[in-house]
Amino acid sequence: MKVKKAHVRTMLPIASAGFASFWAWFYLVLLSPYPASHAGDLSLVLKLAFLVGVLAVLLLVYLKRDLFSRTEHDPLPWAAALLSLPLGLLNLVAHYAAVPPAAFFAAWFLGGCGFSLIFLLWPKVFMVGWQKDVGAYLSASALAGAVVYLFACELLPPYGDVALVLLPLASLAVLHYVRTHIVGSEQEPDSPLEQTRLFPLTGFTVAVFGALFGIALYLLCANLDAVDPLAVAAAVACGAGLHLALSVLVKRYVPFGTAEKVALLLLVVGFLGLAFLGPGLMLACCLFIVGVYVYLDFSNLSALVGFASGHPSPFWRIARGQLVLPAGMIVSWSLCMAIEYANPSLFAYVPYLALGLLLALALLAAFVPFKDNTFADKTVKAEIVEGGYFKQRCNQAAQTYKLSNREGEILYYLAKGRNAQFIADELNISAYTAKTHVYHIYQKMGINSQQELISIVDSTEVVYQ
């Protein structure tokens with residue numbers, strides 16, 4: 001009997017529920033005192049091992065882009081399940097028998113590898129529904145995940161540890177259901193368009209953000225016994241809620257450059273509090289920074305899912321864009337552990353180090369303008385496809401609304417957020433002429449603002465030849 005497939009719009013809420021289980025598992029691992037409590041003083045080392053596992057799979061995908069083949073019987077969900085199981089099972093065993101530290105370390109590392117695999121699998125579902133609301137679905141998943149995390153934290157041992165087993169399995173079960181029922185999930189372009197070019201400045205900025213988040217998360221994880229799980233859930237909800245509000249109210253995904261600038265200002269506030277407020281407010285500042293982290297990472301993920309849409313190797317594109325964030329977290333986490341172990345009195349100066357990094361970012365923002373990430377589509381042989389994916393969407397929109405060649409050129413700049421003066425300078429025409437062309441474009445497209453034009457280009461579907 002052939003399974004009846006459902007439309008993408010019916011599947012996206014179900015996919016969000018599965019994604020919520022995935023994020024609840026992540027919050028439970030990193031931001032709950034219970035999973036690592038069996039190892040005592042090694043809890044921070046275990047969480048570092050988890051982050052290293054996250055980075056290991058992202059790095060593997062980055063180095064070997066054809067690692068994940070698109071087959072009818074995809075083995076990756078099974079691999080992700082097997083990698084995530086030891087962490088939960090070992091915690092259950094630890095209630096009844098002694099477990100050697102090496103076994104804990106291996107289980108947490110494998111758990112991080114499983115996290116990356118599930119993280120890379122889910123965008124395959126969301127890319128099918130890459131429309132104006134995918135950012136809202138992603139952040140709604142984070143909100144629901146915070147609620148599930150809070151419920152799991154309230155369960156008595158060993159029942160709370162059962163969540164470490166069930167949450168990743170539930171996420172993968174929903175993933176399998178959605179992928180086998182969603183319309184269009186098997187449609188893939190023929191041409192292997194691969195290359196994503198990320199500006200070095202943007203990559204450096206995200207790595208520094210990762211280092212800053214590593215400092216805040218380290219401080220938080222070192223004092224989790226004094227933190228109410230409700231406060232952690234509230235911090236996650238604030239970050240996800242901010243992104244959800246922007247996704248819904250602005251009717252457009254949050255541009256990653258904008259997310260960087262907003263996060264920069266919010267981080268300054270958080271680390272000023274860490275450096276100059278008393279110990280009683282330190283954890284509150286850390287939770288504030290965690291909320292910023294959730295906002296930034298979901299802005300990043302929304303952009304990466306969008307730019308990977310329509311490509312047969314989405315894993316590689318998303319892994320490349322996400323790689324530097326956990327790398328920065330691992331570096332700062334290791335540094336914090338080394339400083340605290342060598343000389344605990346020096347650890348009080350770590351927030352000042354973070355403020356120094358923020359000052360460096362502020363100087364970069366002041367003197368080197370942040371550019372929008374340019375994504376150039378290339379074949380496996382590194383031959384540039386003329387125009388690239390974004391340009392093809394602009395061309396398709398220009399054809400749909402019967403724009404002239406000059407109007408098509410101007411549409412391209414308008415879709416990138418440029419104003420009339422910038423367009424005039426680029427095309428060597430007067431500002432008046434540029435504004436006249438913009439007026440005619442708006443008339444033909446039946447719109448009243450540049451934001452509406454950007455939304456039209458965003459939702460334009462392109463079929464690769």
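**Cysteines**

I began with Cys113 in this predicted model, and I found it buried, with a relative accessible area of 9%. Next I looked for disulfides and got a count of 0 for the structure. I then asked which cysteine sulfur is nearest to that of Cys286. The search gave me Cys285, at 7.0 Å, and Cys286 is in no disulfide. Since the cut-off for a disulfide is 2.5 Å between sulfur atoms, I can see why a pair at that distance is not counted. I also noted that Cys286 is buried, at 0% relative accessible area.

**Nonpolar cores**

I moved on to the cores. The largest nonpolar core holds 118 residues, and I wrote down Trp23 and Phe271 as those with the most contacts inside it. Which helix gives this core its largest share? I found helix H10, residues 282-308, which supplies 15 residues.

I looked up the partners of Phe271, setting aside neighbours within four places in sequence. My list reads Leu212, Ile215, Ile289, Ala354, Leu355 and Leu358.

Apart from the core around Phe271 there is another one, and I counted 19 residues in it. Ala397, Ile410, Tyr442 and Leu453 are among them.

**Salt bridges**

How many salt bridges does a search of the whole structure find? I got 2, so I took them one by one.

For Glu409 and Arg406, I noted 3.5 Å between the closest N and O atoms. Both residues sit in helix H15, residues 405-415, and they are 3 residues apart, about one turn of the helix. I checked their exposure as well: Glu409 is partly exposed at 37% relative accessible area, and Arg406 is partly exposed too, at 29%.

For Lys444 and Glu407, the N to O distance is 2.8 Å. Lys444 belongs to helix H17 (residues 431-445) and Glu407 to helix H15, so this bridge ties together parts that are 37 residues apart in sequence. Is each partner buried or partly exposed? I have Lys444 as partly exposed, with 39% relative accessibility, while Glu407 is buried at 5%.

**A nonpolar patch on the surface**

Turning to the surface, I found a nonpolar patch made of Leu272, Phe276, Leu346, Tyr349 and Tyr352. Together they have about 540 Å² of accessible area. I picked Tyr352 for a second look and placed it in helix H13, residues 350-367. Its relative accessible area is 38%, so I logged Tyr352 as partly exposed. That value clears the patch threshold, because a patch residue needs over 30% relative accessible area.

**Positive phi values**

I finished with backbone angles. Lys402 has a phi near 55 degrees, a positive value in a residue that is not glycine. Where does Lys402 lie? I traced it to the loop between helix H14 (388-400) and H15. Lys402 is exposed, with 67% relative accessibility.

Asn428 gave me a phi near 55 degrees as well, again positive and again in a residue other than glycine. I located Asn428 in the loop between helix H16 (420-427) and H17. Asn428 is exposed, at 70% relative accessible area.

Conventions:
Residues are numbered from 1 along each chain as its sequence is written. This is a predicted model: local features need pLDDT of at least 70, side-chain atom pairs count only at pLDDT 80 or more; totals for chains, interfaces and linings use all residues. Side-chain values use heavy atoms; hydrogens and water are left out. A nonpolar core is a set of buried Ala, Val, Leu, Ile, Met, Phe, Trp, Tyr and Cys residues joined through side-chain atoms within 4.5 Å. Buried means under 20% relative accessible area, exposed over 50%, partly exposed in between (1.4 Å probe, protein chains only). Helices (H or I, at least four residues) and strands (E, at least two) are DSSP runs, numbered from the N terminus. Contact means heavy atoms within 4.5 Å. A salt bridge is a side-chain nitrogen of Lys or Arg within 4 Å of a carboxyl oxygen of Asp or Glu. Patches are made of residues with over 30% relative accessible area and no salt bridge: like charges are joined within 9 Å, nonpolar side chains (Val, Leu, Ile, Met, Phe, Trp, Tyr) within 5 Å. Accessible areas come from the Shrake-Rupley method with a 1.4 Å probe; for residues, only the protein chains shown count as cover.
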